[in-house]
Amino acid sequence: MLAKSYLLIYNGFQALGWTFILYRGLLHFASSPSTKDFYEGFYTAVEYPLKIAQTLAVLEILHALIGLVRSGFMLTFFQVFSRETLLWLVASAGGPKIQTHYGIVAMVLAWTITEIIRYSYYFCNSLKWVPFVLTWCRYTFFIVLYPLGVLGELLLIGNMMPIAQETGMFSYRLPNKWNISFDFHVFLCCATLLYLPIFPQLYLHMLRQRRKIVGGGDRRVKGD
């Protein structure tokens, strides 16, 4: 009972948090006199609530690890770790070149709508009542939002690569007393390559889930 109450509060808080991020983004859009002003101020408008909501998602790794939810640990870890890397080591650390790029809008918009739907779904599922429209949104909006988010992420990583190479940020070079090295630029290159096998698998998995749950199959909601 305690675990269910905790998840209800957590999912409800996250749904509200991501809704607030969307509100901040739309408010900034409405008040921007030009497209240039919109892009230049978008990240600043959503930065703090975005950092709070996304960093809080680290708890989901623990949820999966201790069996609080049925999500797989490794998949959850990869998804959360990639998001935190993009948020803190790319968007936050990249400065104006990253924060005013249109890729940040694509990424945050995709994340925000996805998470509003996902956490609302989990919240309602905790109450054992999920409107079919919410289930439909969860297994339909991803068709556009997943590619949009990946496009935004890859654009930001691509623009971050020369910055990482020129500044050496987050890199640990030889020689040093530990005799180990880490090159953040190489890390970003490897991360980009990982999208090739991982994204199609996740996307095809969601399409299969959509056919099973929405596409004429059983419409009863199964908890995640």
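1. Buried face of H1. In this predicted model, the buried residues of helix H1 are Leu7, Tyr10, Asn11, Gly12, Gln14, Ala15, Gly17, Trp18, Ile21, Gly25 and His28. The cover over these buried residues includes H2, helix H3 (59-65), helix H4 (73-92) and helix H6 (102-126).

2. Length of H1. Helix H1 runs over residues 2-31. Its 30 residues should span 44 Å at 1.5 Å a residue, and the C-alpha atoms at its ends are 43 Å apart, so the expected and computed spans agree.

3. Packing of H1 on H2. Helix H2 takes in residues 35-56, and its axis lies 9 Å from that of H1. The packing angle is about 175 degrees. Angles over 145 degrees count as roughly antiparallel, and H1 and H2 are therefore roughly antiparallel to each other. On the H1 side, the contact is made by Tyr10, Phe13, Gln14, Trp18, Phe20, Ile21, Arg24, Gly25, His28 and Phe29. H2 contributes Asp37, Phe38, Gly41, Phe42, Ala45, Val46, Pro49, Leu50, Ala53, Gln54 and Leu56. Sorted by class, the contact has 14 nonpolar, 5 polar and 2 charged residues. Several of the H1 contact residues are also on the buried list, among them Tyr10, Gln14, Trp18 and Ile21.

4. Salt bridge Lys36-Glu40. The whole structure holds 6 salt bridges. Side chains of opposite charge can pair when their charged atoms come close. One such pair is Lys36 and Glu40, with an N to O distance of 2.6 Å. The two residues are 4 residues apart in helix H2, so about one helical turn separates them. Lys36 counts as exposed because its relative accessibility is 55%. Glu40, at a relative accessible area of 40%, is partly exposed.

5. Salt bridge Glu47-Lys51. Helix H2 also holds Glu47 and Lys51, 4 residues apart, or about one turn of the helix. Their side chains meet in a salt bridge at 2.7 Å, N to O. Is this pair buried or exposed? Both Glu47 and Lys51 are buried, whereas Lys36 is exposed.

6. Salt bridge Glu115-Arg118 and its network. In helix H6, Glu115 and Arg118 form a salt bridge whose closest N and O atoms are 2.7 Å apart. Being 3 residues apart in H6, the partners are separated by about one helical turn. The relative accessible area of Glu115 is 4%, so Glu115 is buried. Arg118 has a relative accessible area of 18% and is buried too; the cut-off for buried is under 20%. Shared partners join Glu60, Arg83, Glu115 and Arg118 into one network of salt bridges.

7. Loop between H8 and H9. Helix H8 covers residues 142-167, and Ile180 sits in the loop that lies between H8 and H9. Pro175 is placed in the loop between these helices as well. The peptide bond joining Leu174 and Pro175 is cis, with omega about 0 degrees. Which residues does Ile180 touch, leaving aside its neighbours within four places in sequence? The contacts of Ile180 are with Tyr172 and Leu174, so Leu174 is a partner of Ile180 as well as one side of the cis bond. Between the C-alpha atoms of Ile180 and Tyr43, 137 residues apart along the chain, the separation is 35 Å.8. Positive phi angles. Two residues that are not glycines deserve a look. Lys128 has a positive phi of about 65 degrees although it is not a glycine. Lys128 is placed in the loop between H6 and helix H7 (132-138), and at 70% relative accessibility it counts as exposed. Phe170 is not a glycine either, and its phi is positive at about 65 degrees. The loop between H8 and H9 holds Phe170, which counts as partly exposed at 40% relative accessibility.

9. His185. Helix H9 comprises residues 184-213, and His185 lies within it. With a relative accessibility of 17%, His185 counts as buried. Not counting residues up to four places away in sequence, His185 touches Met161, Ala164, Gln165 and Ser171.

Technical notes. Residues numbered from 1 in each chain as written. Predicted model: local features only at pLDDT ≥ 70, side-chain atom pairs only at ≥ 80, totals over all residues. Heavy atoms only, no water. Axes fitted to C-alpha atoms, helices over the stretch in contact; angles between N-to-C directions. Parallel < 35°, antiparallel > 145°, perpendicular 65-115°, else oblique. Contact = heavy atoms within 4.5 Å. Nonpolar A, V, L, I, M, F, W, Y, C, P; charged D, E, K, R; others polar. Expected span 1.5 Å × (residues − 1). Buried < 20%, exposed > 50% of the residue type's maximum accessible area, 1.4 Å probe, protein only. Salt bridge = Lys/Arg side-chain N within 4 Å of Asp/Glu carboxyl O.
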